[in-house]
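Okay, thanks for coming, everyone. I've got one chain to walk you through today, so have a look at the screen and we'll start with the overall picture.

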Amino acid sequence: NTLNNFVYAVLLMLTGYGVSYFNSHFFNGYGTLIWFTIFILLSISFSPVRNLIVPLLNFKPFKSSRTYLYMLVGIIIPYLVLKLSVHYEILMDRSLIVSYKNGLLEGLKQDSLIMTVLLVPVWEELLFRGVLLFALLKVVKPVWAVVITSVFFSLFHPAYLFLSLIIGVVLACITIKTKSVIPSTAIHSTWNLYTGKLFLFF
C-alpha cells in the first residue's frame with residue numbers, strides 16, 4: 001500500500017506539473033479538463049486510493065438537517081473572512097485586494113467558470129478532503145490531519161493563502177463530521193462560483 005500510494009503521489013505531481021506547464025501551449029486552456037480526467041483515472045486505478053474515496057461518495061448526510069447547517073457555516077465563514085480581508089487590506093495578495101476594491105476584476109469567462117465550478121471542486125475535494133485527509137486520519141490525530149491537509153490546500157491557492165487555509169479547515173471538519181465529500185464539494189463549488197463571478201454583485 002505504501003509503495004502504491006507513493007507511485008500514485010508521484011504520478012499526480014508529474015502529470016499535474018506537465019499539464020500546468022503545457023496548458024497554454026498545447027491544451028488551448030483545457031488543461032483543467034485534461035487534469036481532471038487524469039486524476040480520476042489514476043484514482044480509480046490504485047485500489048488503496050479507490051478504497052478511500054468510494055465510501056466518501058455518499059449522499060446519506062443530506063438526510064440530516066445538521067448537514068445543511070454545516071454547509072451554511074462553510075459558506076458564511078470564508079465569505080466573512082474575505083470581506084474583512086478586503087476591508088482591512090490584510091491576509092490576501094495586495095494587488096488582488098486593490099483590483100477588487102477598484103472594480104478591476106471582471107470575473108471568469110464562461111468556459112473557465114464552468115470548469116472552476118464543476119470540475120475543480122470535485123478533484124480538489126477528492127484529493128485533499130478524500131485521499132489525503134483520510135489517509136492521514138489513519139496515522140495521526142484528527143487535528144493534525146485537518147491542519148496538514150489545509151496547509152497543502154492553501155499552498156495550491158497562493159493569492160488566497162490565509163483564506164484558503166481557513167476554507168481548508170472548515171471543509172475538512174465538515175468532511176470528517178459527515179463522512180462524505182459531497183457536502184464539501186457543494187460548498188467548494190458555491191465558493192468558486194462566488195469568487196469566479198458572483199463577487200461582482202455582492
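**The fold and one helix pair**

So, of the contacts in the chain with a separation of 6 or more, 69% are between residues 24 or more positions apart; contact here means heavy atoms within 4.5 Å. Quick housekeeping: this is a predicted model, where local features need pLDDT of at least 70, side-chain atom pairs count only at pLDDT 80 or more, and totals for chains, interfaces and linings use all residues. Residues are numbered from 1 along each chain as its sequence is written, and side-chain values use heavy atoms, leaving out hydrogens and water.

What's it built from? We have 10 helices and zero strands, with helices being DSSP runs of H or I, at least four residues, and strands runs of E, at least two, numbered from the N terminus.

On to burial: 39% of the 202 residues are buried, meaning under 20% relative accessible area with a 1.4 Å probe, protein chains only. The C-alpha atoms fill a box of roughly 50 × 45 × 30 Å along the principal axes.

Now zoom in on H7, residues 120–136, and H9, residues 161–178: their axes come within 11 Å and cross at roughly 65°. Those axes are lines fitted to C-alpha atoms over the stretch in contact, with angles from 0 to 180 degrees between N-to-C directions. And who's touching whom? From H7 we get Glu125, Arg129, Leu133 and Phe134, which meet Gly168, Leu171, Ala172, Thr175 and Ile176 in H9.

How values were computed:
Buried < 20%, exposed > 50% of the residue type's maximum accessible area, 1.4 Å probe, protein only.
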